[in-house]
Amino acid sequence: MQKIIFSLLLMTFFSQAILAQSTFIQNKIIAHRGAWKAKELPQNSIASLREAIRLGCEGSEFDVWMTADEVLVVNHDHELQGMDIETSTYEQLLTKTLSNGEKIPTLKAYLSEGMTQKSTKLILEFKPSLISVARSERVGELSVKTVQELGAQAWVDYITFSYEGGVKAISTDPKANVAYLNGDKSPLELKEAGFFGFDYHISLLRRMPQWIAEAKALGLTTNAWTVNKEEDMNWLLELGVNFITTDEPEKLATLLPSKK
Ligand code: MG
């Protein structure tokens with residue numbers, strides 16, 4: 001009897017995981033720091049995430065730093081209005097306010113907002129620490145643990161410039177989808193280290209277009225940043241990359257094959 005109940009529980013768990021993943025939109029559009037530009041929202045704000053969801057982007061990207069007291073927060077730069085994030089406490093950061101009235105979002109709040117829907121994935125970039133490699137690894141590890149704690153695995157793919165942080169994230173959860181940003185590893189090197197794929201600068205991929213085919217042959221995902229020119233968007237669409245990261249998701253949406 002116990003065995004049957006356990007099997008039923010397991011089936012329920014897996015069917016929910018599959019359901020959550022299969023509902024996400026697949027249109028390659030990743031909104032860079034959320035969808036902020038057209039509506040002049042603060043980058044990485046909850047409002048920019050909501051706008052990316054409203055637009056129907058496949059993913060909404062955001063950047064994660066760790067405060068001095070190990071709170072993960074969402075912001076692009078290493079500082080928030082002149083306050084250095086890594087050497088400030090979370091409480092100190094709360095003295096600052098974003099232009100739309102929001103406070104700096106915690107990773108938990110950001111994930112919780114994203115988990116209210118099942119169409120747009122959450123592309124979590126954990127930033128390399130400016131203090132130490134050990135801290136970069138800690139941010140990778142804590143990001144994965146936070147996602148696990150909230151049960152947000154189906155929503156989240158990770159990206160990072162920190163090779164060491166990426167490796168740490170993968171060892172913390174071998175099923176985590178971690179793509180590498182820094183452009184200094186070949187597809188084969190990434191595959192061997194357990195990465196999910198690459199997310200490289202458009203200028204690098206223009207020089208090394210063969211890496212897209214190599215990555216595909218290895219079963220790695222391909223993504224490019226930050227692609228705002230129509231000709232680059234079209235070039236990447238023709239090559240069949242998996243994702244395109246852009247500040248202008250509205251423009252990319254008009255170029256998709258289904259819109260032509
Ligand atoms: Mg980023």
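## Helix α2 and what covers it

Let's start inside helix α2, where the buried residues are I46, A47, S48, L49, E51, A52 and I53. That is seven of the ten residues in the helix, so α2 counts as mostly covered. Keep in mind as you look around that this is a predicted model.

What sits over those buried residues? The cover includes strands β1 (29–31), β2 (59–66) and β6 (121–126), along with helix α4. Just past the end of α2 comes G56, and its phi is positive, near 85 degrees.

## A closer look at S48

S48 is a good residue to zoom in on, and its place is in helix α2. Is S48 buried or exposed? Its relative accessibility is 0%, and buried means under 20%, so S48 counts as buried.

Which residues does S48 touch, once its neighbours within four places in sequence are left aside? Before the helix in numbering, it is in contact with R33, G34, A35, W36, L41, P42 and Q43. After the helix, S48 also meets S60 and Y110.

## How α2 packs on α4

Now for a pair of helices. Helix α2 covers residues 46–55 and helix α4 covers residues 107–114; they pack at an angle of about 20 degrees, with their axes 10 Å apart. An angle under 35 degrees counts as roughly parallel, so that is how α2 and α4 run relative to each other. Their crossing is right-handed.

On the α2 side, the residues that meet α4 are I46, S48, L49 and R50. Facing them from α4 are A109, Y110, E113 and G114. Sorted by class, this contact has four nonpolar, two polar and two charged residues.

## On to α4 and α5

Helix α4 has another partner to look at: helix α5, residues 133–150. The axes of α4 and α5 come within 10 Å and cross at roughly 45 degrees. That angle makes α4 oblique to α5. The crossing of α4 past α5 is right-handed.

From α4, the contact uses L107, K108, L111 and S112. From α5, it uses S143, T146, V147, E149 and L150. Taken by class, the residues where α4 and α5 meet are four nonpolar, three polar and two charged.

## P105, in the loop before α4

Where is P105? It lies in the loop between α3 (90–93) and α4. With a relative accessible area of 5%, P105 is buried.

Leaving aside its neighbours within four places in sequence, P105 is in contact with N44, S45, I46, V73, V74, L98 and Y110. One of these, I46, is among the buried residues of α2, and Y110 is one of the α4 residues that meet α2. P105 can also be placed relative to L72: the two are 33 residues apart along the chain, and their C-alpha atoms are separated by 8.9 Å.

## The whole chain

Time to zoom out. The chain holds eleven helices and eleven strands. Along the principal axes, its C-alpha atoms fill a box of roughly 60 × 45 × 35 Å. A compact globule of 260 residues would have a radius of gyration near 18 Å, and the chain has 18 Å, so the two agree.

How much of the chain is buried? Of its 260 residues, 49% count as buried. As for contacts with a separation of 6 or more, 56% of them involve residues 24 or more positions apart.

Technical notes. Residues numbered from 1 in each chain as written. Predicted model: local features only at pLDDT ≥ 70, side-chain atom pairs only at ≥ 80, totals over all residues. Heavy atoms only, no water. Axes fitted to C-alpha atoms, helices over the stretch in contact; angles between N-to-C directions. Helix = DSSP H or I, 4+ residues; strand = E, 2+ residues; numbered from the N terminus. Parallel < 35°, antiparallel > 145°, perpendicular 65-115°, else oblique. Left-handed = near helix turned anticlockwise from the far one by under 90°. Contact = heavy atoms within 4.5 Å. Nonpolar A, V, L, I, M, F, W, Y, C, P; charged D, E, K, R; others polar. Buried < 20%, exposed > 50% of the residue type's maximum accessible area, 1.4 Å probe, protein only. Rg over C-alpha atoms; globule rule 2.2 N^0.38 Å.
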